[in-house]
Amino acid sequence: NVPELDAIRNVALPKIIAARAKSAPRHLRIWSAGCSTGEEPYTLSMALLEEQKKHLKDWTFEILATDLNERSLAQAQLGHYGAYSTRNVPEYFKQKYFLSRDRELHVTSEVKAKVHFQQVNLSDATRMASMKNVHITLCCNVLIYFDSISKRKVISHFYNNLLPHGYLFLGHAESLYGVSEDFRLVHLPGCTAYLKSAEKTLALEKARPQ
């Protein structure tokens with residue numbers, strides 16, 4: 001299993017749902033930033049379809065999948081994968097959410113329907129500002145290619161676009177140390193994440209000039 005996927009299903013989702021129990025609408029938005037050829041958002045879609053039987057029983061959901069590379073996005077939208085690309089996909093998911101054709105696995109239309117692909121440059125402030133009301137953002141192994149100033153700007157957008165109690169997941173070798181103090185580091189089973197706490201959000205809003 002992928003540690004981040006387990007952490008989302010077993011920890012992040014229940015906490016988000018509990019925090020927003022009295023909020024409407026009950027619609028979950030997850031952002032896969034730097035989605036490459038689509039493996040991450042599709043796997044998330046499969047996991048959340050499973051969660052609609054449990055934690056997300058009364059919820060709808062969508063996954064925003066963005067990347068800068070047009071060729072990667074075109075491949076992602078096809079949803080056709082070989083054995084290497086699906087090596088980390090749980091066997092249960094392979095049986096239920098893929099069709100086997102011409103030695104490839106094709107993602108089912110049910111999974112595809114929940115994923116919305118867009119070309120987004122993480123350095124484009126206007127486009128980044130439009131990615132609103134996100135509960136969970138995943139940006140794994142992307143920020144290592146940014147300089148410190150650009151990294152701070154991207155993280156600031158991630159923070160602003162996340163709802164209170166939202167989570168940011170980065171790659172295993174990535175950290176917000178020296179980049180941002182807005183998030184709170186949280187240790188989850190098998191991985192770490194960054195939490196946008198409601199208390200911190202309220203404090204920042206009060207500190208802004210009126």
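Here are some worked exercises on the structure above.

This is a predicted model, in which local features need pLDDT of at least 70, side-chain atom pairs count only at pLDDT 80 or more, and totals for chains, interfaces and linings use all residues. Residues are numbered from 1 along each chain as its sequence is written, and side-chain values use heavy atoms, with hydrogens and water left out.

**Exercise 1. Work out which strands pair with strand 1, and in what sense.**

Step 1: get the terms straight. Helices (H or I, at least four residues) and strands (E, at least two) are DSSP runs, numbered from the N terminus. Two strands pair if DSSP finds at least two bridges between them.

Step 2: look at strand 2 (60–67). Strand 1 (residues 27–33) runs parallel to strand 2, and seven bridges join them. To find the register, start with His27, whose bridge partner in strand 2 is Thr60. Leu28 has Phe61 as its bridge partner.

Step 3: now try strand 7 (134–139). Strand 1 pairs with strand 7 over three bridges, in the parallel sense again. Here Trp31 has Thr137 as its bridge partner.

Step 4: carry on outward from strand 2. Five bridges tie strand 2 to strand 6, and those two run parallel. Leu64 in strand 2 is matched with His116 in strand 6.

**Exercise 2. Describe helix 2 and how it connects its neighbours.**

Step 1: check its length. The expected span of a helix is 1.5 Å times one less than its number of residues. Helix 2 has 13 residues and should therefore span 18 Å, which agrees with the 18 Å between its end C-alpha atoms.

Step 2: ask how covered it is. Buried means under 20% relative accessible area, exposed over 50%, and partly exposed in between (1.4 Å probe, protein chains only). By that yardstick, 11 of the 13 residues of helix 2 are buried, among them Pro41, Tyr42, Met46 and Glu51.

Step 3: compare the strands it sits with. Strand 1 has six of its seven residues buried, and strand 2 has seven of its eight.

Step 4: put them together. Strand 1, helix 2 and strand 2 make a right-handed β-α-β unit. Right-handed means that, with the strands pointing away from the viewer, the path from the first strand over the helix to the second runs clockwise.

**Exercise 3. Characterise the largest pocket and the largest cavity.**

Step 1: define both. On a 1 Å grid over the protein atoms alone, a cavity is a set of points where a 1.4 Å probe fits but cannot get out; a pocket is an open set with protein on both sides within 12 Å along at least five of seven lines; lining residues have an atom within 4 Å of a point. Grid points are joined across faces, edges and corners, and a volume is the space filled by probe spheres set on the points.

Step 2: take the pocket. The largest pocket holds about 890 Å³ of space. It has 34 lining residues, and the closest to its centre are Gly34, Cys35, Glu40, Cys140 and Asn141. Helix 2 gives the most to this lining, with four residues.

Step 3: sort the pocket lining by class. Ala, Val, Leu, Ile, Met, Phe, Trp, Tyr, Cys and Pro count as nonpolar, Asp, Glu, Lys and Arg as charged, and the others, Gly among them, as polar. The pocket lining then splits into 17 nonpolar, 12 polar and five charged residues.

Step 4: turn to the cavity. There is one cavity of 30 Å³ or more, and the largest cavity has about 40 Å³ of space. Its lining includes Tyr42, Met46, Tyr81 and Phe98, and helix 2 supplies the largest share, four residues. By class, that lining has five nonpolar, three polar and one charged residues.

**Exercise 4. Sort out the antiparallel pieces.**

Step 1: find the open sheet. Three strands form it in the order 3-5-4, with antiparallel pairing. Strand 3 (80–81) and strand 4 (98–101) are at the edges with a single partner strand each, so one side of each has no neighbour in the sheet.

Step 2: zoom in on one pair. Two bridges join strand 3 to strand 5 (residues 104–107), and His80 is partnered with His106.

Step 3: find the hairpin. Strand 9 (residues 184–188) and strand 10 (residues 191–196) run antiparallel over five bridges, with Leu185 opposite Tyr194. Two residues lie between these strands, and Gly190 in the turn has a positive phi of about 85°.
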